[in-house]
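Colleague: Please take me through one part of this model at close range, beginning with the charged side chains and working inwards to the nonpolar core. I would like each burial label given with its value where there is one.

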Amino acid sequence: FYRDEAESTVLQRKLARNGVVVRSVTQDFGKGRSGRLAQRIAELIDEDQREITAENVTSGMRENARQGFWCGSHTPFGYESVTVEVRGTKQKKRLRILESEADIVRTIYKLATVGDITIGPMGIKGITVWLNRHGHRTKSGKKFVAGVVSRILHSEVYTGTFYYGRRNTRTGEEN
């Protein structure tokens, strides 16, 4: 039901106030005080198991990145992930330049440093307007927005460097 015992208890109490009883299909805890105790113990064990699994997944992904493989789901604009190796059932992927999008990335950098024929170097908003006016679109086919252009201009991935796990995804703190 929940992998956090405290949140599970709070939510189950809210549901109970509205006449909803949460029951497990795979575990019968019984009723009464003993059943509630057994359920809370099982929730604590489930919570601990979730933490162990999260640590194992994080460790595996860090090792994958250390070996130079791509761990992300969404690739940066201008790149695609391609399988370069298969280990058992695991596909090991690396980033490869996607030429159709890479031309747009090169254009963005050119507009930022040189500009187009009519004006000098452009800022992020000017580049965004220019891209949309010339019919360029993002991976999802949408118009460019300033945030996307800013990420492209400021991301180290376009210099050939990528850091995996730089920030804790839960807290946002830097690792």
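**From a salt bridge to the core**

Modeller: Glu99 and Arg106 are joined by a salt bridge, with 3.2 Å between their closest N and O atoms. The model is predicted, and this applies to everything below. Glu99 has a relative accessibility of 43%, so it counts as partly exposed. Arg106 falls in the partly exposed class as well, at 44%. Asp103 also belongs here: salt bridges with shared partners connect Glu99, Asp103 and Arg106 in one network.

Seven salt bridges are found in the whole structure. One of them is between Arg66 and Glu63, where the closest N and O atoms are 2.6 Å apart. Both residues are in helix α2, at a spacing of three residues or about one turn of the helix. An α-helix has 3.6 residues a turn, so residues three or four places apart point the same way. The two partners differ in class, because Arg66 has 60% relative accessibility and counts as exposed, whereas Glu63, at 32%, is partly exposed. Another salt bridge brings together the side chains of Arg87 and Glu85, 2.5 Å from N to O. Arg87 is partly exposed, with a relative accessible area of 36%, and Glu85 is partly exposed too, at 31%.

Now the inside. The largest nonpolar core has 16 residues, and those touching the most other members are Phe77, Ile108, Ile127, Leu131, Phe144, Ile152 and Tyr158. At least two residues of this core come from each of α3, α4 and α5. The biggest share is that of α3, which gives four residues. In soluble globular proteins, nonpolar side chains tend to be buried together.

Helix α4 covers residues 124-133, and its buried residues are Ile127, Thr128, Trp130, Leu131 and Asn132. These buried residues pack against α3 (99-113) on the one hand and α5 (146-154) on the other. After α4 comes Gly135, which has a positive phi near 80 degrees.

The loop between α4 and α5 holds Thr138. Its relative accessibility is 15%, so Thr138 is classed as buried, because the limit for that class is under 20%. With neighbours up to four places away in sequence left aside, Thr138 contacts Phe77, Lys143 and Phe144. Phe77 and Phe144 are also among the core residues that touch the most other members.

Ile152 meets those two residues as well. Apart from residues up to four places away in sequence, Ile152 touches Phe77, Val105, Ile108, Tyr109, Phe144 and Tyr158. Two of these contacts, Tyr109 and Tyr158, form one aromatic cluster together with Tyr79. Tyr79 and Tyr158 are both buried.

Over the whole structure there are four aromatic pairs. Among them is the tilted pair of Trp70 and Phe162, with ring centres 5.0 Å apart and 50 degrees between the planes. Trp70 is in the loop between α2 and β1 (79-87), and Phe162 is in the segment after α5, so this pair ties together parts 92 residues apart in sequence. Trp70 is buried, at 11% relative accessible area, while Phe162 is partly exposed, at 45%. Tyr79 and Tyr158 make a further tilted pair, at 5.8 Å centre to centre and with 40 degrees between the planes. This pair links distant parts of the chain, Tyr79 being in strand β1 and Tyr158 in the segment after α5, 79 residues apart.

One nonpolar group lies on the surface instead. Leu37, Ile41 and Ile45 form a patch there, with about 300 Å² of accessible area together. Ile41 is in helix α2, which runs over residues 32-66. It counts as partly exposed, because its relative accessibility is 43%.

To put the part together: the network of Glu99, Asp103 and Arg106 is held by salt bridges that share partners. The core draws at least two residues from each of α3, α4 and α5, and the buried residues of α4 pack against the other two helices. Ile152 touches Tyr158, and Tyr158 in turn pairs with Tyr79 of strand β1.

Terms used
Residues numbered from 1 in each chain as written. Predicted model: local features only at pLDDT ≥ 70, side-chain atom pairs only at ≥ 80, totals over all residues. Heavy atoms only, no water. Patch = residues over 30% accessible without salt bridge, like charges linked within 9 Å, V, L, I, M, F, W, Y side chains within 5 Å. Areas by Shrake-Rupley, 256 points an atom, 1.4 Å probe, with all protein chains shown as cover. Salt bridge = Lys/Arg side-chain N within 4 Å of Asp/Glu carboxyl O. Buried < 20%, exposed > 50% of the residue type's maximum accessible area, 1.4 Å probe, protein only. Contact = heavy atoms within 4.5 Å. Phe/Tyr/Trp six-rings, centres within 6.5 Å; stacked < 30°, edge-to-face > 60°. Core = buried A, V, L, I, M, F, W, Y, C linked by side-chain atoms within 4.5 Å.
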